[in-house]
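Subject: Structure handover

Hello,

Here is the structure I promised to pass on. Please open it first, then read the notes below.

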Amino acid sequence: MEKYVYDFAEGNKDMKDLLGGKGANLAEMTNLGLPVPAGFTITSQACQRYLAQGTHVDGLDEEIDRHLAALEEAMGRKLGDPADPLLVSVRSGAKFSMPGMMETVLNVGLNDESVAGLSRQAGDNDRFAWDSYRRLIQMFGKTVCDVPGDEFEDALHKAKVAKGVKDDVQLDADDLRALVSAYKKVFAKHVGHDFPQDPRHQLDLAIEAVFRSWNADRAVLYRRQERIPADLGTAVNVVAMVFGNLGPDSGTGVAFTRDPATGESGIYGDYLQNAQGEDVVAGIRNTLPLADLEKIDKKSYDELLGIMATLEGHYHDLCDIEFTIERGKLWMLQTRVGKRTAAAAFTIAAQLVDEGMIDLDEAVTRVSGAQLAQLMFPRFDLSADPSPLTRGVGASPGAAFGEVVLTSADAVARAGAGKNVILVRRETNPDDLPGMIAAQGILTSRGGKTSHAAVVARGMGKTCVCGADGIEVGRDRFTVGGQVVHEGDMISVDGTTGRVYLGEVPVRPSEVVQYFEGDLDPALANEPLVSAVHLLMTHADEKAKLKVRTNADTGVDAARARRFGAHGIGLCRTEHMFLGDRRELVERLILARTETERNDALSALQPLQRADFLDIFREMNGLPVTVRLIDPPLHEFLPSLEELAVQVAVAKERGEDSPRGERMLAAVRRMHEQNPMLGLRGVRLGLVIPGLFGMQVRAIAEAAVALAAEGGHPRPEIMVPLVGAVQELETVRAEAEKIIAEVVGDSGVEVLIGTMIEVPRAALTAGQIAEAAEFFSFGTNDLTQMAWGFSRDDVEGAFFWRYLELGIFGISPFESIDRDGVGRLVRIAADEGRAARPGLKLGVCGEHGGDPESVHFFHEVGLDYVSCSPFRVPVARLEAGRAAIESTGSDHR
């Protein structure tokens with residue numbers, strides 16, 4: 001029989017697949033002898049079974065009975081006993097941290113009778129007992145029975161107004177008793193029956209609600225954002241309650257063993273007296289800095305610091321810890337490897353290497369290309385010394401500006417219309433996730449570095465400022481002192497300093513970009529972040545098997561990419577060289593009626609091409625440069641058929657002569673295609689227009705010979721696009737080889753000839769094509785388009801949103817490689833190509849070349865290089881190193 005329930009003592013931190021992150025780490029802390037309340041975990045398999053069946057799982061009740069009985073025996077109390085009640089929390093805990101996305105219910109087991117017993121248990125503390133009861137009804141109602149939370153909040157607000165107080169801690173026992181009565185009426189109105197009094201029934205309903213919350217809209221959206229698999233399910237943790245709301249000698253808090261925003265060592269976290277854990281996370285009251293706990297309760301503070309050191313030493317990483325102090329007794333409620341900003345990730349990884357906790361291999365796997373990309377975003381330029389509007393807690397670094405929006409829905413709507421927006425809230429809650437994703441930055445008037453807004457923003461890499469308590473947030477505006485900021489006004493938010501500015505503050509390049517560019521101020525060279533990036537990037541380069549090239553069409557782009565560490569150019573798009581002022585020359589070529597006119601047009605283009613290639617070869621001296629022969633759909637060079645027809649018709653109507661316009665119209669009509677992306681382009685264009693490819697090949701060869709004559713070392717590679725049959729490549733190659741032999745002579749220049757694998761048939765006949773190709777470069781943009789039958793220019797806006805919503809895609813196949821379909825074509829072509837030509841060079845030059853997940857796949861397949869835009873080169877370098885390290889499968893600690 002399958003086991004669905006584990007006592008904490010039965011698990012460990014490596015059982016996250018089964019017990020979820022929270023359950024596995026509660027078990028680990030229990031085994032370490034730390035003060036963890038007794039409890040048990042219901043496995044994620046039980047959740048999966050429940051969701052699949054839509055009903056309670058056979059055998060689960062009996063297992064819960066046995067473990068609940070053991071818990072009652074350990075605590076010396078029974079669940080909901082009127083005289084001496086045991087209360088429990090019911091908390092979600094998936095394999096991957098999903099802060100605030102799923103449900104928690106505290107104080108389960110309280111009812112009209114046991115509330116008196118809880119009061120006696122706490123030394124006749126009626127206020128505490130009724131506060132706990134009102135919290136249960138509120139959380140249970142929202143979580144289990146879908147009662148609108150606003151109605152509970154309204155009742156609480158009315159109670160505070162009636163009492164003339166600001167905070168709920170100022171309500172006394174009578175006030176809270178009356179509030180419980182009001183909450184019960186809200187519950188009954190929406191649910192149709194009274195609040196359940198049977199403690200075990202409460203427990204069962206709470207467990208099932210946590211199971212269901214795995215598929216709540218916000219959880220689904222968060223999983224999609226973070227690429228968490230949808231089939232994992234969540235474990236459920238049932239834990240004996242300990243109480244931080246017993247008075248000023250009790251409280252609850254969150255602690256980090258290092259600063260999750262910067263990575264600096266020290267004491268970081270928030271503490272709230274006379275509160276339960278949800279109060280800290282929700283940010284409903286502004287917290288105290290964790291350091292203040294030393295003055296409030298030094299014994300608990302010292303014990304907490306010792307436990308923090310133990311946990312960081314055990315996990316070899318930044319730990320995020322939740323704790324409660326119950327009348328001077330410290331209890332550990334959770335630990336996990338903490339979410340952190342990109343800057344903190346790099347800094348902490350380097351620190352742990354210096355401290356001997358981890359080695360460099362492990363350190364490189366602790367950071368990601370996505371985090372490195374965040375570090376390359378611009379920062380605010382404060383040289384003009386702008387006056388801040390207000391200041392809060394810098395909870396997630398970055399520079400963000402945008403229009404003020406005050407609701408999640410407005411953030412989504414305005415961002416969808418192309419606006420930059422800043423979401424401003426008193427505090428965020430999980431229902432705000434869509435707006436948080438849409439916004440450039442988040443600003444709250446309440447909460448600290450451990451509030452919901454801060455934790456979620458750090459996980460997403462969003463700029464966030466919390467706890468700007470000078471702000472009063474209204475319905476369509478917020479105010480700071482006498483300053484009114486309306487919805488739609490522009491503000492700038494600095495997530496590093498916590499400052500907020502009115503208007504749009506200019507930005508400057510980040511220190512990390514300056515480091516890669518080689519123009520960093522020497523005074524910043526030893527800053528922790530820059531040093532960490534240097535250390536980890538150097539090691540990643542040493543470990544990487546994949547080389548990283550760049551996609552560049554100009555000398556300027558080539559030079560920048562080389563500074564960023566590119567090992568050459570994997571894609572030089574020659575059609576980009578024919579735009580702008582040169583478009584007229586291309587039109588001359590298209591309109592040519594005779595061989596002489598065509599040759600004249602080609603002769604005019606050739607020196608321009610030669611100069612372009614020489615510039616690029618110089619910048620990439622000694623490194624390979626793959627030049628793709630022209631591959632445009634002709635509609636990119638020709639005027640619109642409709643617009644041209646109107647122009648010619650208007651000219652005729654006016655009696656004006658337009659011979660050139662009429663010639664162009666005739667040519668456009670002759671060449672018009674219903675689907676130009678599948679029409680006369682690539683190798684087909686080179687075969688149909690005699691001399692076109694020959695002109696380009698000659699320009700490439702002449703540029704290479706010119707650089708060699710200067711003492712340089714050109715390494716040109718000519719790539720023939722859109723090949724679907726080996727005969728196409730053979731025809732182009734025969735012409736190219738004659739020209740190359742004629743131009744190169746005895747200069748010593750070598751020119752490789754290869755092809756782009758972007759047509760499914762080319763992938764499936766790669767063995768044949770490899771006989772005529774010295775290299776393959778996978779054009780995964782077109783290969784994805786043709787394999788799926790998607791027009792990449794149209795589908796993303798047309799229906800991809802629905803595919804993502806339905807889970808057909810976890811992510812767009814144009815963003816990250818489709819391993820099962822397009823990836824299989826790449827693997828087939830690589831295997832069969834190398835079988836036919838063992839020395840065949842293999843690369844990729846589609847957008848996937850800079851995507852972290854895709855880089856790992858290309859490493860697995862055994863490609864030689866990836867190519868991406870210049871700014872993605874550092875990202876791909878890091879991921880290439882990570883892929884090589886992770887593929888060894890060794891434990892680097």
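In which sense do S5 and S7 pair, and over how many bridges? The pairing of S5 and S7 is antiparallel, over seven bridges. Two strands count as paired if DSSP finds at least two bridges between them. Helices (H or I, at least four residues) and strands (E, at least two) are DSSP runs, numbered from the N terminus.

Before going further, two notes on the source. This is a predicted model: local features need pLDDT of at least 70, side-chain atom pairs count only at pLDDT 80 or more, and totals for chains, interfaces and linings use all residues. Residues are numbered from 1 along each chain as its sequence is written, and side-chain values use heavy atoms, with hydrogens and water left out.

The whole chain

The protein chain has 35 helices and 33 strands. Its radius of gyration is 32 Å, close to the 29 Å that the globule rule gives for 893 residues, so the chain is as compact as a globular protein of that length. That radius is taken over C-alpha atoms, and the globule rule is 2.2 Å times the number of residues to the power 0.38. The C-alpha trace spans about 105 × 65 × 60 Å along its principal axes. Of the 893 residues, 56% count as buried. Buried means under 20% relative accessible area, exposed means over 50%, and partly exposed lies in between (1.4 Å probe, protein chains only).

Strand S5 and its partners

S5 covers residues 88-94. Seven of its seven residues are buried. Both faces are covered. Val-88, Val-90, Ser-92 and Ala-94 lie on one side, with Ser-89, Arg-91 and Gly-93 on the other. In S7, Ala-235 stands opposite Gly-93. S5 also runs antiparallel to S6 (residues 104-108), joined by three bridges. There, Val-90 has Val-105 as its bridge partner.

The largest cavity

A cavity is a set of points, on a 1 Å grid over the protein atoms alone, where a 1.4 Å probe fits but cannot get out; lining residues have an atom within 4 Å of a point. Grid points are joined across faces, edges and corners, and a volume is the space filled by probe spheres set on the points. By this rule there are five cavities of 30 Å³ or more. The largest has a volume of about 200 Å³.

Its lining has 19 residues, and Ser-89, Arg-91, Leu-106, Met-241 and Leu-333 lie nearest its centre. S5, S7 (234-240), helix H10 (277-282), S11 (319-326) and S12 (329-337) each supply at least two lining residues. By type, the lining divides into ten nonpolar, six polar and three charged residues. Here Ala, Val, Leu, Ile, Met, Phe, Trp, Tyr, Cys and Pro count as nonpolar, Asp, Glu, Lys and Arg as charged, and the others, Gly among them, as polar.

Two open sheets

One open sheet has five strands, in the order S10-S9-S8-S11-S12, with antiparallel pairing. S10 (288-289) and S12 are its edge strands, each pairing on one side only. Within this sheet, S8 (residues 251-258) and S9 (residues 265-273) are joined by seven bridges. Leu-272 in S9 stands opposite Thr-252.

Another open sheet has eight strands, in the order S14-S24-S23-S16-S17-S18-S19-S15, and its pairing is mixed. S14 (390-391) and S15 (393-396) are at the edges with a single partner strand each, so one side of each has no neighbour in the sheet. S17 (residues 421-425) and S18 (residues 441-444) pair in the parallel sense over four bridges. Arg-425 has Thr-444 in S18 as its bridge partner.

Helix H5

H5 runs over residues 126-145. The expected span of a helix is 1.5 Å times one less than its number of residues. For the 20 residues of H5 that gives 28 Å, and the end C-alpha atoms are 27 Å apart, which agrees. Of those 20 residues, 17 are buried, so H5 is largely enclosed by the rest of the structure. Asp-146, just after H5, takes a positive phi of about 60 degrees.

Two loop residues

Asn-12 sits in the loop between S1 (5-7) and H1 (16-31). Asn-12 is partly exposed, at 28% relative accessibility. Asp-292 sits in the loop between S10 and H11 (293-296). Asp-292 is also partly exposed, with a relative accessible area of 26%.

Best wishes

Definitions and conventions:
1 Å grid on protein atoms, 1.4 Å probe; cavity = no way out; pocket = protein on both sides within 12 Å on 5 of 7 lines; lining within 4 Å.
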